[in-house]
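This report describes a protein structure for a reader who is new to the subject. Please keep the sequence and the model in view while reading.

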Amino acid sequence: QSPSFLLLHLMEGLVHQGTPNYCISKLLPVSVFVSYKKFSVLGSDQPIVADVGEEVVLPCQLSPRMSAVNKTIRWFRDQIDSPVYLYKNTLHITDEQDQAYRGRTTLFIKELENGNVSLGIRNIHASDEGIYNCFVESLKWYEGTQIKVIVTDGLHGSHTLSLKMKEGKGIQLGCKSSGWYPKPEVTWTDGKSQKLTTVSETIETEDGGLFSVNSYVITDDSSHKRTCHIQNDFMKETRESSLQISDVFFPRVSPWLVAFFVLLGLLPVAICIAIYCWRKQSK
Ligand SMILES: *[C@@H]1O[C@H](CO)[C@@H](O)[C@H](O)[C@H]1NC(C)=O
Ligand SMILES: *[C@@H]1O[C@H](CO)[C@@H](O)[C@H](O)[C@H]1NC(C)=O
């Protein structure tokens, strides 16, 4: 046997031990493989984002374009032997398939001729979130790529608008929204659709890679309508909340009136103390 053949067997040994493929492709001289049809596998740098219950296509494409009909296509997550999808010897192998994906996955048969080995998953569950490996193997060559899936849950994402008095500084309005991917943009407008300046904004990462945003404005003028717009171009999603601030929150109260209410509040306490002292004395 020629040295190149030995090298190939060595490579196959490494493959089955799960050595990362970049090592092998760097280590082995390219010339060895000239007689075989090499290919690379292209996925997506961007995560695939889907809502619970939706359908997704995880992109995976052979490059250069060539048929994948006679290749082994294995989609898997952590467990290579419990695949999300397995196609081998032109057959769709279902008995090894991960239970969680049965009846929900598909390869696009007509697309295989074009080297399109994308995976369709129906009825996305929250547990489908994670990294997927697309692994394509021919007799003497293999390649793989990883695709990240993020599952958002429109029902659990929350959106609230809050109002807080800031002494001497007007009213602080806060807008908090969660369940976004990627980071959303927040803008505030007043009743005349004029943009307001945000005083502070924080963006946090939640479990599962989604973002939540917390944004504040301060207001003290008399046009009391405020709207918080949150949008995300990537998901083409916009949420809005408006609030009409009542005049009650812009008090023109005299200090005397405040003192009067404070005393009024203290009155029952004073009466209780008086009764207590009186009883003690009369014992
Ligand atoms: C796949 O393999 C079959 C049987 O070996 C062969 O007839 C067919 O031409 C192959 N198809 C491609 C696209 O290589
Ligand atoms: C592969 O096929 C799927 C399903 O038909 C399609 O959505 C996707 O755009 C195709 N990808 C390419 C690169 O043609």
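The model is predicted, and its pLDDT averages 79 over the protein, with 73% of the residues scoring at least 70. Residues 1-35 stand apart in this respect: their pLDDT stays under 50. For this stretch the model has 15 contacts beyond four places in sequence.

## Overall composition

The protein contains four helices and 18 strands. Of its 283 residues, 20% are buried. Among the contacts with a separation of 6 or more, 56% are made by residues 24 or more positions apart.

## The sheet of six strands

How are the strands of the six-stranded sheet ordered? This open sheet has the order 2-11-10-5-6-7, and its pairing is mixed. Strand 2 (48-51) and strand 7 stand at the edges; each has a single partner strand, so one side of each is left without a neighbour in the sheet. As a general point, the strands of a sheet pair through backbone hydrogen bonds, either parallel or antiparallel.

Several pairings within this sheet can be followed residue by residue. Strand 5 pairs with strand 10 (residues 130-137) in the antiparallel sense, over five bridges. Here isoleucine 73 has valine 136 of strand 10 as its bridge partner. Strand 5 is also joined to strand 6 by three bridges, and these two strands run antiparallel. In that pairing, arginine 74 has leucine 86 of strand 6 as its bridge partner. Strand 6 in turn pairs with strand 7 over two bridges, again in the antiparallel sense, and lysine 88 stands opposite leucine 91 of strand 7.

## The hairpin and its turn

Strand 6 and strand 7 form a hairpin with two residues between them. Asparagine 89 is found in the loop between strand 6 (85-88) and strand 7 (91-92), and threonine 90 is found in the loop between these strands too. Neither residue is a glycine, yet asparagine 89 has a positive phi, and threonine 90 has a positive phi as well. The table sets out their values.

| Residue | Phi | C-beta neighbours inside 10 Å |
|---|---|---|
| Asparagine 89 | about 50° | 8 |
| Threonine 90 | about 60° | 9 |

Are these turn residues buried or exposed? A residue counts as exposed if 12 or fewer other C-beta atoms lie within 10 Å of its own. Asparagine 89 therefore counts as exposed, with 8 such neighbours. Threonine 90 counts as exposed because it has 9.

## A cis peptide bond

Another loop holds a feature of the backbone itself. Serine 63 and proline 64 are joined by a cis peptide bond, with omega about 0°. Proline 64 lies in the loop between strand 4 (61-63) and strand 5 (72-76).

## The sheet of three strands

A further open sheet consists of three strands in the order 3-9-8, with antiparallel pairing. Its edge strands are strand 3 (56-58) and strand 8 (105-107), each of which pairs on one side only. On average, neighbouring strands of this sheet are turned by 25° against each other, direction ignored. Strand 3 is joined to strand 9 (residues 119-121) by three bridges, and the two run antiparallel. Within this pair, valine 56 stands opposite isoleucine 121 of strand 9.

## The surroundings of ligand 2

Which residues surround ligand 2? They are Val57, Pro59, Gln61, Phe108, Glu111, Asn116 and Ser118. By character, this shell divides into three nonpolar residues, three polar residues and one charged residue.

## Leucine 161

One residue of strand 12 illustrates contacts across the sequence. Leucine 161 is found in strand 12 (residues 159-166). With 16 other C-beta atoms within 10 Å, leucine 161 is partly exposed; this class lies between the limit for exposed residues, 12 or fewer, and that for buried residues, 20 or more.

Leucine 161 and serine 242 are 81 residues apart in sequence, whereas their C-alpha atoms are 7.9 Å apart in space. When neighbours within four places in sequence are left aside, leucine 161 is in contact with Leu173, Cys175, Cys228, Ser241 and Leu243.

Methods: Residues numbered from 1 in each chain as written. Chains lettered and ligands numbered in written order. Predicted model: local features only at pLDDT ≥ 70, side-chain atom pairs only at ≥ 80, totals over all residues. Near = placed C-beta within 6 Å. Nonpolar A, V, L, I, M, F, W, Y, C, P; charged D, E, K, R; others polar. Pairing = 2+ DSSP bridges. Axes fitted to C-alpha atoms, helices over the stretch in contact; angles between N-to-C directions. Contact = placed C-beta atoms within 7 Å. pLDDT = per-residue confidence, 0-100.
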